[in-house]
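Subject: Structure handover

Hello,

Here is the structure I said I would pass on. Please open it next to this email, as the notes below go through it piece by piece.

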Amino acid sequence: MKMTDEGNKKVPWGLVLMGGGARGLAHIGLLEVLEGEGITPDVVTGTSMGAIVGGLYAAGLEARELRRLARDLDLKKYVPPRILAMVRKRNNPILNHFLFDFYIEKALGSKARKGGDRVENYLKNLTGDVQIENLPLKFGCNALDLVSGREHNFVSGPLYKAIRASMAYPVALDPARVRGRLFLDGGIVNNVPVRLAREIGAGKVVVSDIDRPVKPMAASRFKKTFEILERAYHIAVATATKEKLKEADLVLAIPLEVDVLDFSRNDYVMRKGWRAAEENVPAIKRLIGIE
């Protein structure tokens, strides 16, 4: 590829992977296209599912390996059928897909919890004790520090703990405990960590945008406190996200009508990411100074 930037050097650039649960698997399709084009970001930042995908990618997993992991995200493989049936009687998708731990504990007793934090253990099995500062690519992710009430950026320390903190979706997962502090999902305070990407070295920033716009809903839909809180949370995050996107140099919008916790259409979601990336390859190359 011919370098067009002054000094014959391409512009250091960062890829920001937004949080969005199941929709975040679209980032994998985007990474597949970039790999095929021989384009590698110098910096990767992410939130929640974006932190998972981005962190594993920065640690050296190729997109095809991420795709394999994504296809493995099926509750039927991990939850006994009778427990899964109990969970799916619930109407709210968050309770349907994430609170099965409660049912497992209720059905199997305290033995279900003897393994500790199963999400953290799973991430540690994937990444080992690798430290963020030692990753092949510069990486950072964010979380909400419940103690200080502020956004916290993870740019050093164990990768698995940083990802676990960034993905601690309220109600669905317990807060992550790191060095005596409690953390929740980074998307609560900033679902688009563009500034973090610039702080750790990105001259230009591309955002993989999987946000779903807030649509009007009938008042009759809000019958329970939890449903009202969920709606308010969605509106607050969407409003903040709209402003944060203005800080990026290029936004790749990936339209997805998929619920945050609907992991039943993972291949479809990844294809959507792949298509959006394909359409934007020329724009990415222009932005970072290669052709």
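Let me start with a single residue. Isoleucine 200 has a relative accessibility of 17%, so it counts as buried, since the cut-off for buried is under 20%. Please keep in mind that this is a predicted model.

Where in the chain is isoleucine 200? It lies in the loop that runs between helix H9 (194-199) and strand S7 (204-209). Leaving aside residues up to four places away in sequence, isoleucine 200 touches Val43, Thr45, Lys138, Phe139, Gly140 and Val155. Take valine 43 from that list: it is 157 residues away from isoleucine 200 along the chain, yet their C-alpha atoms are separated by 7.3 Å.

The whole protein

The protein has 291 residues, and 49% of them count as buried. Its secondary structure consists of 11 helices and eight strands. If you take the contacts with a separation of 6 or more, 73% of them are between residues 24 or more positions apart. The exposed area of the protein is about 14600 Å², with 53% of it coming from carbon and sulfur atoms.

Two helix pairs

Helix H8 appears in both pairs described here.

The first partner is helix H2. H2 covers residues 49-58 and H8 covers residues 159-166; their axes are 8 Å apart and the packing angle is about 160°. That angle makes H2 roughly antiparallel to H8, because angles over 145 degrees are counted that way. The crossing of H2 and H8 is right-handed. On the H2 side the residues in contact are Ala51, Ile52 and Gly55, and on the H8 side they are Leu159, Ile163 and Ser166. Sorted by class, this contact has four nonpolar residues, two polar ones and no charged ones.

The other partner is helix H7, residues 118-127. H7 and H8 pack at an angle of about 140°, and their axes are 9 Å apart. The two helices H7 and H8 are therefore oblique to each other. Their crossing is right-handed. From H7, the residues Val119, Glu120, Leu123, Lys124 and Thr127 meet Leu159, Tyr160, Lys161, Ile163 and Arg164 from H8. Which classes do the residues of this contact fall into? Five are nonpolar, one is polar and four are charged.

Leu159 and Ile163 of H8 are worth finding on the screen: they are among the residues that meet H2, and they are also among those that meet H7.

Regards

Notes
Residues numbered from 1 in each chain as written. Predicted model: local features only at pLDDT ≥ 70, side-chain atom pairs only at ≥ 80, totals over all residues. Heavy atoms only, no water. Axes fitted to C-alpha atoms, helices over the stretch in contact; angles between N-to-C directions. Helix = DSSP H or I, 4+ residues; strand = E, 2+ residues; numbered from the N terminus. Parallel < 35°, antiparallel > 145°, perpendicular 65-115°, else oblique. Left-handed = near helix turned anticlockwise from the far one by under 90°. Contact = heavy atoms within 4.5 Å. Nonpolar A, V, L, I, M, F, W, Y, C, P; charged D, E, K, R; others polar. Buried < 20%, exposed > 50% of the residue type's maximum accessible area, 1.4 Å probe, protein only. Areas by Shrake-Rupley, 256 points an atom, 1.4 Å probe, with all protein chains shown as cover.
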